[in-house]
Amino acid sequence: MTEYPTSAPSSSPSAGATQNKPHKAEKITPAGYPEPKIAHGWLHTARFLTTAPQLEHLPVLDLPEIAFVGRSNAGKSTCINTLTQQKRLAFASKTPGRTQSINLFSLGKQGVHDAVLADLPGYGYAAVPREAKLRWQRVMGNYLMTRPNLRAVVLLCDPRLGLTELDEILLEVIRPRVEQGLKFLVLLTKADKLSRAEATKALSIARLQCGGGEARLFSALKKQGLDEVAQLLWFWSHEPQAQPQGAAGASETEDEPPALD
Ligand SMILES: Nc1nc2c(ncn2[C@@H]2O[C@H](COP(=O)(O)OP(=O)(O)OP(=O)(O)O)[C@@H](O)[C@H]2O)c(=O)[nH]1
Ligand SMILES: [Mg+2]
């Protein structure tokens, strides 16, 4: 049984289809952020696009892509479902390791795609066989280093665990691209499990660790942080780009990325 439908939506994103201009009726605040309802309306347009077990199966897209990464069970798929206000768009589960391929979801109103969300399998799940772990490390490392249209990375982290060694390695992997303009957000998930004091402390630590990126608290259960994250993702996806973002140039057969496990 497959987790996802296998057919792409009727109007697929295509090269050159990037739409960076907001619709005329949309209200944008002076800082460039939309009102929350605009950002939520945009996220609600998310549709399954494709699933790719390996990098070469990913479609080449000329659309800003936002990747959700983090340890297994951190809440990536749940976060995507919450942000898009769809119960079963991404496959969330109590069992760690449920997301096993890169799953892409396209966004955009009236059939015009203007961004893509990518749900990535988590790392750090001990029960995964060694071979599968190594394969996945290579795929994810290469994805993060080379995906040309990658605009932003959202690193989801359970604040009760904090940023683990594997998360730190991931930060190292993307650092060169962050320096070149890749957007980066540490999202402290399951904030409903923390007291107010614990949440404040976790957020200040994450802000120190995220090296120039953003850090936010998030709870799918309590819908905490939803407006801010939705606005940020909208802003990042619609921000005019000064120059096309270059990939680091590696391919899956070139240099091995640092091991994530
Ligand atoms: N209390 C609480 N539980 C959450 C929250 N977000 C996710 N969860 C739970 O955490 C578990 C894992 O969620 P997933 O979204 O499947 O996690 P994932 O990061 O996609 O996991 P993998 O696909 O294995 O990498 C599920 O049981 C969710 O219900 C949250 O904000 N609060
Ligand atoms: Mg998942």
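Where in α4 does a kink of about 40° lie, and which proline follows shortly after? I took this as my opening entry, keeping in mind that the model is a predicted one. I found the kink at Val 173, shortly before Pro 176.

**Entry on α4.** I then looked up the helix as a whole: α4 covers residues 165–179, which makes 15 residues, and from its first C-alpha to its last it reaches 21 Å, close to the 21 Å expected at 1.5 Å a residue. I listed its buried residues as Asp 167, Leu 170, Val 173, Ile 174 and Arg 177, so that Val 173, where I had placed the kink, appears in this list because it counts as buried by having 20 or more other C-beta atoms within 10 Å of its own. I next asked myself what the buried residues of α4 pack against, and I noted β2 (65–70), α3 (130–146), β5 (150–157) and β6 (183–188). Just after the helix I came to Gly 181, which takes a positive phi of about 120°.

**Entry on the whole chain.** I stepped back to count the secondary structure, which comes to 6 helices and 7 strands, and I read their order along the sequence as α-β-β-α-β-β-α-β-α-β-α-β-α. The chain has 261 residues, of which I noted that 43% count as buried. I also looked at contacts between residues at least 6 apart in sequence, and 77% of these join residues at least 24 apart.

**Entry on β2.** I went on to β2, one of the elements that the buried residues of α4 pack against, and I found that 6 of its 6 residues are buried. Both of its faces are covered, with Glu 65, Ala 67 and Val 69 on one side and Ile 66, Phe 68 and Gly 70 on the other. Which strands pair with β2 in the parallel sense? I found 4 bridges to β4 (residues 115–119), and 6 bridges to β5, which also runs parallel to β2. For the pairing with β4, I recorded that Ile 66 stands opposite Leu 117. For the pairing with β5, I recorded Val 153 as the bridge partner of Ala 67, and I saw that Phe 68 stands opposite Val 154.

**Entry on β5.** I followed the pairing onward from β5 to β6, and these two strands are parallel over 6 bridges. Here Val 153, which I had already noted as the partner of Ala 67, stands opposite Phe 184 in β6. Why is β5 largely enclosed by the rest of the structure? I noted that 8 of its 8 residues are buried, and that is the reason.

**Entry on α2 and ligand 1.** I turned to the ligand and found 24 residues around ligand 1, among which Gly 75, Ser 77, Thr 78, Thr 99 and Gly 122 come nearest. By class, I noted 6 nonpolar, 12 polar and 6 charged residues in this shell. The element that gives the most to the shell is helix α2 (residues 76–84), with 3 residues. I checked how covered this helix is, and 9 of its 9 residues are buried, including Lys 76, Ser 77 and Thr 78.

**Entry on the loop after α2.** I looked next at Gln 85, which follows α2 and lies in the loop between α2 and β3. Gln 85 has a positive phi of about 55° although it is not a glycine. Is Gln 85 buried or partly exposed? I put it down as partly exposed, because it has 14 C-beta neighbours inside 10 Å. Further along I found Ala 92, also placed in the loop between α2 and β3 (102–107), and this residue is buried because 20 other C-beta atoms lie within 10 Å. Leaving aside neighbours within four places in sequence, I noted that Ala 92 is in contact with Ser 77, Thr 78 and Asn 81. The C-alpha atoms of Ala 92 and Gly 75 are separated by 7.7 Å, with the two residues 17 apart along the chain.

**Last entry, on Lys 223.** I closed with Lys 223, in the loop between β7 (214–217) and α6 (226–238), which has a positive phi of about 55° although it is not a glycine. I noted Lys 223 as exposed, because it has 11 C-beta neighbours inside 10 Å.

Definitions and conventions:
Residues are numbered from 1 along each chain as its sequence is written. Chains are lettered from A and ligands numbered from 1 in the order in which they are written. This is a predicted model: local features need pLDDT of at least 70, side-chain atom pairs count only at pLDDT 80 or more; totals for chains, interfaces and linings use all residues. A residue is near a molecule or strand if its C-beta atom, placed from the backbone, lies within 6 Å of it. Ala, Val, Leu, Ile, Met, Phe, Trp, Tyr, Cys and Pro count as nonpolar, Asp, Glu, Lys and Arg as charged, and the others, Gly among them, as polar. The expected span of a helix is 1.5 Å times one less than its number of residues. The bend at a residue is the angle between axes fitted to the seven residues ending there and the seven starting there. A residue is buried if 20 or more other C-beta atoms lie within 10 Å of its own, exposed if 12 or fewer, and partly exposed in between; C-beta atoms are placed from the backbone. Two residues are in contact if their C-beta atoms, placed from the backbone, lie within 7 Å. Two strands pair if DSSP finds at least two bridges between them.
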